[in-house]
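Me: I have a model open and some terms I want to pin down. Can we go through them one by one?

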Amino acid sequence: MVDAQDLPSYLQASPERAEFKKEADQAEPGATLAEVERAHIIRVLRETAGVVSTAATRLGVPRTTLNALMRKLKISRNDI
């Protein structure tokens, strides 16, 4: 029997991805992908005390991409 830990790391799900899936599964019925994504980004930003570069690393995206997503999803410092 092969378990997930037997697979190479690039095939294993990251903890962040697993957490995002859990949040998506628990999302309000009818929630859009943008709403789920926005909630996940805010959660990670809160966990990193609003440090965008640290949050970007945890999310697996460049800092500039996270900044662009924050603008697109209208995430401000007040949300964090």
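Reply: Start with contact: it means heavy atoms within 4.5 Å. Keep in mind that this is a predicted model.

Me: What does Thr-48 touch, not counting residues up to four places away in sequence?
Reply: Thr-48 touches Thr-54, Ala-55 and Arg-58. Thr-48 itself sits in the loop between H2 and H3.

Me: Why does Thr-48 count as buried?
Reply: Buried means under 20% relative accessible area. Thr-48 has 10% relative accessibility, so Thr-48 counts as buried.

Me: What makes the link between Thr-48 and Leu-45 a polar contact?
Reply: The cut-off for a pair of N or O atoms is 3.5 Å. The side chain of Thr-48 reaches the backbone oxygen of Leu-45 at 3.2 Å. That distance is within the cut-off, so the pair fits.

Me: Which residues form the largest nonpolar core?
Reply: That core has 12 residues, among them Ile-41, Ile-42, Leu-45, Ala-55, Leu-69 and Ile-75. Helices H2 (33-47), H3 (52-59) and H4 (63-72) each give two or more residues to this core. The largest share, 4 residues, comes from H2.

Me: Why is this set called a nonpolar core?
Reply: A nonpolar core is made of buried residues of listed kinds, Ile, Leu and Ala among them, joined through side-chain atoms within 4.5 Å. Ile-42, Leu-45 and Ala-55 are among its members.

Me: What does Ile-42 contact, leaving aside neighbours within four places in sequence?
Reply: Ile-42 is in contact with Ile-75 and Asp-79.

Me: How many helices and strands does the chain have?
Reply: The chain has 4 helices and 0 strands. From the N terminus on, the order is α-α-α-α.

Key
Residues are numbered from 1 along each chain as its sequence is written. This is a predicted model: local features need pLDDT of at least 70, side-chain atom pairs count only at pLDDT 80 or more; totals for chains, interfaces and linings use all residues. Side-chain values use heavy atoms; hydrogens and water are left out. Buried means under 20% relative accessible area, exposed over 50%, partly exposed in between (1.4 Å probe, protein chains only). A polar contact is a pair of N or O atoms within 3.5 Å; within protein, one must be able to donate a hydrogen and the other to accept it, and residues adjacent in sequence count only if both atoms are side-chain atoms.
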